[in-house]
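Q: I am new to this structure and should like to learn how its features are read. May we go through them in turn?

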Amino acid sequence: MTTLSLRHDGPGTATVPGPRRRVTGLVLALVALLAVLVLSVMIGSTTIAPSVVWDALFHPSADIDQFAIRDYRLPRTIVGLVVGAALGVAGALIQALTRNPLADPGILGLHAGASFAVTVAVGLLGVRDIAGYMWFAFAGALIVTLMVLALGATRQGQSPTVMVLAGVCVGAVLRGAGSALELTNPDAFDAMRSWNAGSIVGRPLDLVWPILPFLAVALILAVAVAGPLNAMAMGDDLAVAQGVRLARTRVLAIIALTLLVGGATAIAGPIGFAGLMVPHVARWIVGPHQRWIFAYSVVLAPILLLASDILGRIIMHPSEIPVGIVTAFVGAPVLIALVRRKKASGL
Amino acid sequence: MHKTPLARRGTALVAALLSTTLVLTACGSDGADTGGTAAGETRTVTGGNGTIQVPADPKRVATIGNTTLPFIDMGGKPVGVTEVGASELGLIPAEQKATFEAATNLGSSGDQVDMEKLAGLKPDLILAQLPGSEFEQIKKQLESIAPTVFWGLDVEWKALADGVSAAGNVTAGLTEQKAKFKDKIAKIQQTYGQIIGATKFVNVDRWESSDPGTFSIADFGCVEIAQGDLGIDFPRAAAGADPLGWTALPFEQIAGLSKYDVITYPVDAAGRPKAPFAPVVATNTWKALPAVNSGRALGVFCPGNNSYGPVLQYLDSLDTALATLPAKE
């Protein structure tokens, strides 16, 4: 087992590992991710021999079991990788932006906005397939972001506290309106029951490709604001003294956040805990350095998501449990254990 | 003007008393005005809620839950109905749909009945099939409005049809429907007896409410008639276990259907895969199934299984499908 040695970064800061240890940790995380990716293709609700899995990937034929690998497990694994990475970075961004270690990507009302838009699509417009939900979910998240940005604007610029409050309020209103629509429309209720659980089953890769450019832009934006967010963690005044433009950083961070959460939710529905828990773990490993936190979150969140999904495929055989439910079951105890540590990963 | 907490409580109390008085007044006037009771003649019928005195010739029947479509199928014209899913409504004949749409909408489901609206219709009979726990919550309210006959979800469709027919006095078409049903069963058993006896069938389905990427081996609905009345060998749940159809199976388990000789799957009236099932037939796994490749995947139309009309349509469709079954090599 590899342990990470800690060193003091200076008075008042948490103990953090050195750069070499961070790199080593990241490599180990990548190896773990690779292992989970392989397991995700190997393990499913039906037993398929490893040789068939190998042939399905490298010697494709019309064998019926090979279709299970190429048509279901492989797309599902890629969806889990993309959605997990997006949620992980989104969680890191929102926690840095709000300086709140308990902030979740859903706190700005983005999940609620996406859910409400999908409810409207199903209940009022008769949209019935997952591909149809996608753009509504994305649009819902974007519209809520604009509302939160508008409501969060103060004379001093964007206030994280006001934005969070606005997000909570907008989210509450939309959840209420969505529930009302679902209760009066059985079809919408049925569709939302499934969508709200958060799942990566039955999502073809055709859903992922159109979202990827948005996620790529979001990742670039996240990396761009990582430095300013580091400075802002010490307080607005110090950040301004270091030349950080607070309003621009916040707006860019929120745009990145919206693209990440909107994209992930559009594909898989709302999945909680990955975005809350993974940045904690990342911060615990690398300390308060946003670029490293983002890098670790990109790798660790898909590990959590795919491991949860694999668990969900086998614990209720022959049926499955949506990954959103398993993630909460797995994530909650781990998070509790983490926050009970004496040196919880503060910001 | 600001009110003190005491004054507010007083206002609320007065409002509550007025509301209660209004509701009691409305309920009290219903019993006296019901047409059937006014005519005086009554019959005794038995439902899941005991023995009930109902009007001999009810004129204003409200149907709740699963009684709506069977009652309309037998020629009944309800004054009030609870909602029926768009997918089910799309499968019934146009004149029956018109009858349904002419009735007052009482709510989205049995447990969401608008009691004020129901009382306002002044029904002389209420027919209800819904989960027993839901009925218990509204039983007193329903019975205070009109004689109510209830059936639980465990009641077999033929018993429900008989019960609805007897309580709603729509027996005219039932005898003829029953005779047709008996003839059809006999004809299918006679024509396909050998195939039925030597073939492993499986019935698969998918609904609007199914999770994406999942399907089910369905052992309820029309397939129960094929199992029970025709003796076709379809998979069924073990005694006491949940129906197989309740388990959502991921698409990768479509390959598991290879072990069956014949697959039946749901189609619409035009013979196309039912919209929610279309994603299944589009998969490569489905296309690679031996039964599909050998013409033994049979699309069967099931417009409903709660009364004889739709069941006869199902049997016609099954008859036609079985006729296409190539002889086993």
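Q: What is the handedness of the disulfide of C222(B) and C302(B)?

A: A disulfide is a covalent bond between the sulfur atoms of two cysteines. The program assigns one to a pair of cysteine sulfur atoms within 2.5 Å. Here the torsion about the S-S bond of C222(B) and C302(B) is about 75°, so the disulfide is right-handed. Their sulfur atoms lie 1.9 Å apart, and the structure holds one disulfide over all chains.

Q: Which parts of chain B does the pair link?

A: Helices (H or I, at least four residues) and strands (E, at least two) are DSSP runs numbered from the N terminus. C222(B) sits in the loop between β9 (214–217) and α10 (223–228) of chain B, and C302(B) in the loop between β12 (297–301) and α14 (308–323), 80 residues apart.

Q: Does the model come from prediction, and how are its residues and chains labelled?

A: This is a predicted model, in which local features need pLDDT of at least 70 and side-chain atom pairs pLDDT 80 or more, while totals for chains, interfaces and linings use all residues. Residues are numbered from 1 along each chain, chains are lettered from A and ligands numbered from 1 in the order written, and side-chain values use heavy atoms, without hydrogens and water.Q: Is C222(B) buried or exposed?

A: Buried means under 20% relative accessible area, exposed over 50%, and partly exposed in between (1.4 Å probe, protein chains only). C222(B) is buried, at 3% relative accessibility, and C302(B) is partly exposed, at 28%.

Methods
Residues numbered from 1 in each chain as written. Chains lettered and ligands numbered in written order. Heavy atoms only, no water.
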